[in-house]
Amino acid sequence: MITIVCLVYKSTEYADFTIENVYKHTPMLMTGEAEFIFIANNATDEVKRHLKEKKYNHIIRDYKCPPEHTLAHWGFAVPSYIHEVYSAYNMGIEISKDIVCLVATDMAYSPDWLENLLKRLKDNTVVTSKLVETTENNPYPVFYNKRTGSGAYLGLFGGSISDFREEEFLKFVSEKKIDDTEPGGGHQPLLMYKWQAELVGMYPEGNLRGFGQYNRVAQYGDDNLMTKLLDNGINFITSLDSIVYHIKEGEQRSCI
């Protein structure tokens, strides 16, 4: 069983978009081979009501983030909200079945995205999708690719869910999709066995601070997870026939 885990916190529109789009392109959700669950992570009351009214599979996680001096004492760095994010994804891993797939609300999927991750998942390999990064309203397109080494495609298929041009995106996917892989990649969607994440202690619950300074990041939390996996003989690859559009900071920018 694959458990697809997605955090949501302040946008009912992004929650609806995610459900509609992921179910449209993930037949394994209909066959029972996969399940989808939202973690309402310190979500607004409106989002929590919406998830309940829509009967979306979800868990409410109301969590008080420790103060910055406590996070620094634990070895973490800015920004403090990242502690809430990584700890919530760790919760998602804990509640998952055999295989976990971590995704975000600002992503749009394409046919076979999950199947083409699953076919490459191995005891010594975790797999991520090939991202298409929006160039609209995206403050970090170059920085993001440089940091992750993802070699993500850049695309003009909409800067928010309201102007997402799915038909154009899917045409782009059909042109770019190849049955191959490349090393490394972005950090979501990420498919891995639950035991692989547990083996390495899952995510650190924050970015790691450097030189004793809370405002200096020595290593990002998702990079640290990959480092720990590699240290335990587990490779990290991108599936070039699993292509996902990344709107970038959708809920955070509150841009519908």
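**Entry 1: two aromatic pairs**

I began with F169 and Y245, and I found that both of these residues are buried. I keep in mind throughout that the model is a predicted one.

I then asked how many aromatic pairs there are by the ring rule, and the count comes to 14. One of them is formed by F157 and F172, a tilted pair with 5.3 Å from centre to centre and 55° between the planes. I noted that F157 sits in the loop between β8 (153-155) and α8 (166-176) while F172 belongs to helix α8, so this pair ties together parts that are 15 residues apart in sequence. Both F157 and F172 are buried.

F169 and Y245 also form an aromatic pair that is tilted, with 5.5 Å centre to centre and 45° between the planes. This pair links distant parts of the chain, since F169 lies in helix α8 and Y245 in strand β13 (residues 235-246), 76 residues apart. When I looked for a wider group, I found that F17, Y153, F157, F164, F169, F172 and Y245 form one aromatic cluster.

**Entry 2: Q196 and L121**

Next I looked up Q196, which I located in helix α9 (residues 194-199). Is Q196 buried or exposed? Its relative accessibility is 0%, and because buried means under 20%, Q196 counts as buried. Leaving aside neighbours within four places in sequence, I listed the contacts of Q196 as L121, K122, D123, N124, T125, V126, L229 and I234.

I followed one of these contacts, L121, to the loop between α6 (115-118) and β7 (125-134). With a relative accessibility of 8%, L121 counts as buried. Again leaving aside neighbours within four places in sequence, L121 is in contact with I99, V126, V127, L191, M192, Y193 and Q196. I also checked L121 against Y14, which is 107 residues away along the chain, and their C-alpha atoms are separated by 28 Å.

**Entry 3: helix α10**

L229, which I had met as a contact of Q196, is one of the buried residues of α10. Why do I call helix α10 largely enclosed by the rest of the structure? Eight of its 11 residues (the helix covers residues 221-231) are buried, so the description follows from that count. I wrote down the buried ones as G221, D222, D223, N224, L225, M226, K228 and L229. After α10 comes G233, and I noted that its phi is positive, near 80°.

**Entry 4: the whole chain**

Finally I stepped back to the protein chain, which contains 11 helices and 13 strands. I compared its radius of gyration, 17 Å, with the value near 18 Å for a compact globule of 256 residues, and the two agree. Along its principal axes the C-alpha trace spans about 50 × 45 × 35 Å.

Of the 256 residues, 55% count as buried. The accessible surface comes to about 11300 Å², and 52% of it belongs to carbon and sulfur atoms. Among contacts between residues at least 6 apart in sequence, 75% join residues at least 24 apart.

For the charges, I found 26 positive and 35 negative side chains, with the centres of the two sets lying 3 Å apart.

Definitions and conventions: Residues numbered from 1 in each chain as written. Predicted model: local features only at pLDDT ≥ 70, side-chain atom pairs only at ≥ 80, totals over all residues. Heavy atoms only, no water. Buried < 20%, exposed > 50% of the residue type's maximum accessible area, 1.4 Å probe, protein only. Helix = DSSP H or I, 4+ residues; strand = E, 2+ residues; numbered from the N terminus. Rg over C-alpha atoms; globule rule 2.2 N^0.38 Å. Contact = heavy atoms within 4.5 Å. Areas by Shrake-Rupley, 256 points an atom, 1.4 Å probe, with all protein chains shown as cover. Lys, Arg positive; Asp, Glu negative; His and termini not counted. Charge placed at Lys NZ, Arg CZ, Asp CG, Glu CD. Phe/Tyr/Trp six-rings, centres within 6.5 Å; stacked < 30°, edge-to-face > 60°.
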